[in-house]
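Visitor: Hi, I have a new structure open on my screen and would like to go through it with someone. Could you walk me through a few parts of it?
Guide: Gladly; let us bring it up and begin with a single residue.

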Amino acid sequence: MNHDLPLADELAAVSARMSGLLLSRETVATALHLVTSLAGEALPGTVGAGVSLLDEHGRRTTAAATDPLVEHLDGLQYELGEGPCLTAWEERHVVRVDDIAEDDRWPRWSAAAGDSVMRSALSAPLVAGGDALGAIKVYGREPGTFGERDEYLLTMFAAQSAILVANVRTFENATKLSEALADALRGRDMISIAKGIVMAREHVDEGTAFALLARNAREENRKVRDQAGSLLRSTVRRDR
């Protein structure tokens, strides 16, 4: 990316690339790796970038990173419960660290990270629809790598990144819901067919047929759907 572009043009270029990528994304992980790559390109002096989110167990984790050292510095924050990324996430505002070794806002993290080759950090929250999804951060090797312009740029970039992540999550959640619905419908169809078999064999009405299926399921400690499936499979074998 050309860092000589005016800020508005630079943001527009980032936005255009992300809009195109949104159409071809497959998973949240893929989207997050794209986010970190673009963040590294967008801010001069960046040598490492990452995104922090909650995992499926509700724990903070680095979901994507361009450098193992980013994961290490983030991991120290999660372990110690303090640090610029966590502050940006929790307080929903951009946090800049001009010199990690000299910053006293997070004494335990600064002490643990002070020997790192990374000396600067900039973090911004990922907020979409009122929800703080996580934070995006960049690191630099020199003190004072990032300034006010970078704060503004990362804030704008984080807003677009949050939308990307939220859209991917919505897409995947909808896919899971569709799969669950399709599975439920298949189960309902199996039960309906099984009821028909019981009605024909036992010469009973629909309600009684379902009651017989349910009773047999309870006796065998199974779900009605599983009982229906067994009945269908045994009927198919018998008719061959």
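Visitor: So, is Asn221 buried or exposed?
Guide: Asn221 has a relative accessible area of 72%, and because exposed means over 50%, this residue counts as exposed. Please keep in mind as we go on that this is a predicted model.

Visitor: Where does Asn221 lie?
Guide: Asn221 sits in the loop that runs between α7 and α8, and its position is just after the end of α7.

Visitor: And what phi does Asn221 have?
Guide: Its phi is positive, about 55°, although Asn221 is not a glycine. As background, most residues other than glycine have a negative phi.

Visitor: Which other residue has a positive phi although it is not a glycine?
Guide: One of them is Arg92, whose phi is about 60°. Arg92 belongs to the loop between α4, residues 84-91, and β3, residues 95-97. With a relative accessibility of 44%, Arg92 counts as partly exposed, whereas Asn221 is exposed.

Visitor: Back to α7, then. How far apart are its end C-alpha atoms?
Guide: They are 20 Å apart, and this agrees with the expected span, because the 14 residues of α7 at 1.5 Å a residue should span 20 Å.

Visitor: Which residues of α7 are buried?
Guide: The buried residues in α7 are Ala209, Leu213, Ala214 and Ala217. When you look down the axis of α7, its buried residues fall within an arc of 135°, so they line one face of the helix. In general, an α-helix has 3.6 residues a turn, so residues three or four places apart point the same way.

Visitor: What does the face turned away from the buried side carry?
Guide: That face of α7 carries Arg218 and Glu219, and these residues are exposed.

Visitor: Let me change topic to pockets. What volume does the second largest pocket have?
Guide: The second largest pocket has a volume of about 170 Å³. The elements that give two or more residues to its lining are α6 (148-202), α7 (206-219) and α8 (224-239), so α7 comes up again here.

Visitor: Which residues line it?
Guide: Among the lining residues of the second largest pocket are Ile197, Arg201, Leu213, Asn216, Gln227 and Leu231. Sorted by class, the lining has five nonpolar, three polar and three charged residues.

Visitor: You mentioned α6. Is Ser161 in that helix buried or exposed?
Guide: Ser161, which has its place in helix α6, has a relative accessibility of 0% and therefore counts as buried. The C-alpha atoms of Ser161 and Val51 are separated by 9.7 Å, and these two residues are 110 residues apart along the chain.

Visitor: Now the strands. How many of the residues of β5 are buried?
Guide: In strand β5, which covers residues 131-140, eight of the 10 residues are buried, so the strand is largely enclosed by the rest of the structure. Strand β4 can be described in a similar way: eight of its nine residues are buried, so β4 is largely enclosed by the rest of the structure.

Visitor: How many bridges join β4 to β5?
Guide: Nine bridges join strand β4, residues 120-128, to β5, and the two strands run antiparallel. Leu126, for example, stands opposite Gly134 in β5. The two strands form a hairpin with two residues between them, and Gly129 in the turn has a positive phi of about 60°.

Visitor: What about β1 and β3, which strands do they pair with?
Guide: Strand β1, residues 48-54, pairs with β5 in the antiparallel sense over six bridges, while β3 pairs with β4, also antiparallel, over three bridges. In the pairing of β3 with β4, Val97 stands opposite Ala121. Val138 in β5 is the bridge partner of Ala49, and Val138 is also the bridge partner of Leu122.

Visitor: Last one: how many helices and strands does the chain have?
Guide: The chain has eight helices and five strands, and along the sequence they follow the pattern α-α-β-β-α-α-β-α-β-β-α-α-α. Of the 240 residues of the chain, 38% count as buried.

Note on methods:
Residues numbered from 1 in each chain as written. Predicted model: local features only at pLDDT ≥ 70, side-chain atom pairs only at ≥ 80, totals over all residues. Heavy atoms only, no water. 1 Å grid on protein atoms, 1.4 Å probe; cavity = no way out; pocket = protein on both sides within 12 Å on 5 of 7 lines; lining within 4 Å. Points joined across faces, edges and corners; volume = space filled by probe spheres on them. Helix = DSSP H or I, 4+ residues; strand = E, 2+ residues; numbered from the N terminus. Nonpolar A, V, L, I, M, F, W, Y, C, P; charged D, E, K, R; others polar. Buried < 20%, exposed > 50% of the residue type's maximum accessible area, 1.4 Å probe, protein only. Pairing = 2+ DSSP bridges. Expected span 1.5 Å × (residues − 1). Arc of directions from axis to C-beta.
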